[in-house]
Amino acid sequence: QVQLVESGGGEVQIGESLRLSCAVSGRTVSSRDVAWYRRRLGEDREFVARISTSSDLRYYEDSVKGRFTISRDDAKNMVYLQMNSLKPEDTAIYYCALHEMVEYVSQTYWGQGTQVTVSS
């Protein structure tokens with residue numbers, strides 16, 4: 001059974017930082033693409049960042065480039081999202097997702113989400 005559990009959310013002030021963690025069980029993060037998504041209130045879930053099986057390949061949504069960093073700890077089977085210079089528009093529920101191909105069909109596993117609130 002695949003499980004993803006996010007943690008590290010909370011309420012911070014503008015310009016502050018948070019580090020989100022995603023603990024993965026049932027799959028090895030070093031051999032899967034893992035990503036972070038977010039859902040703002042009343043909006044659809046959107047892509048934030050992704051790290052490929054080759055750790056040198058990382059992808060970011062334009063509004064978080066230069067502020068957010070996705071990383072992975074293979075020994076702990078964890079994925080992180082370091083968020084710096086937070087803005088009110090970063091307020092959302094953040095989800096960790098693991099992507100894999102199963103018999104040529106794309107499969108995605110989701111965590112339950114963690115709330116990030118940025119206030120002035």
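Two strands are said to pair if DSSP finds at least two bridges between them. With that criterion in mind, I shall describe the strand arrangement in this predicted model.

I begin with strand β2, residues 10-13, and strand β11, residues 114-119, which are joined by four bridges and pair in the parallel sense. Within this pair, Gly 10 of the chain lies opposite Val 116 in β11. Strand β11 also pairs with β9, residues 92-102, here through three bridges and in the antiparallel sense. Val 116 appears again in this second pairing, as the bridge partner of Ala 92.

I turn now to another sheet. Which strands form it, and in what order? The open sheet consists of four strands in the order β1-β3-β8-β7, with antiparallel pairing. Its edges are occupied by β1, residues 3-7, and β7, residues 68-73; each has a single partner strand, so one side of each lacks a neighbour in the sheet. From one strand to the next, the twist averages 15 degrees. At the β7 edge, six bridges connect β7 to the antiparallel strand β8, residues 78-83. One position to note is Arg 72, whose bridge partner in β8 is Val 79.

Finally, I consider the segment before β1, where Gln 1 is located. Is Gln 1 buried or exposed? Its relative accessible area is 82%, and exposed means over 50%, so Gln 1 is exposed. Apart from its neighbours within four places in sequence, Gln 1 is in contact with Ser 25 and Gly 26. Arg 38 is 37 residues from Gln 1 in sequence, and the C-alpha to C-alpha separation of these two residues is 24 Å.

How values were computed:
Residues are numbered from 1 along each chain as its sequence is written. This is a predicted model: local features need pLDDT of at least 70, side-chain atom pairs count only at pLDDT 80 or more; totals for chains, interfaces and linings use all residues. Side-chain values use heavy atoms; hydrogens and water are left out. Helices (H or I, at least four residues) and strands (E, at least two) are DSSP runs, numbered from the N terminus. Axes are lines fitted to C-alpha atoms, for helices over the stretch in contact, and angles run from 0 to 180 degrees between N-to-C directions. Buried means under 20% relative accessible area, exposed over 50%, partly exposed in between (1.4 Å probe, protein chains only). Contact means heavy atoms within 4.5 Å.
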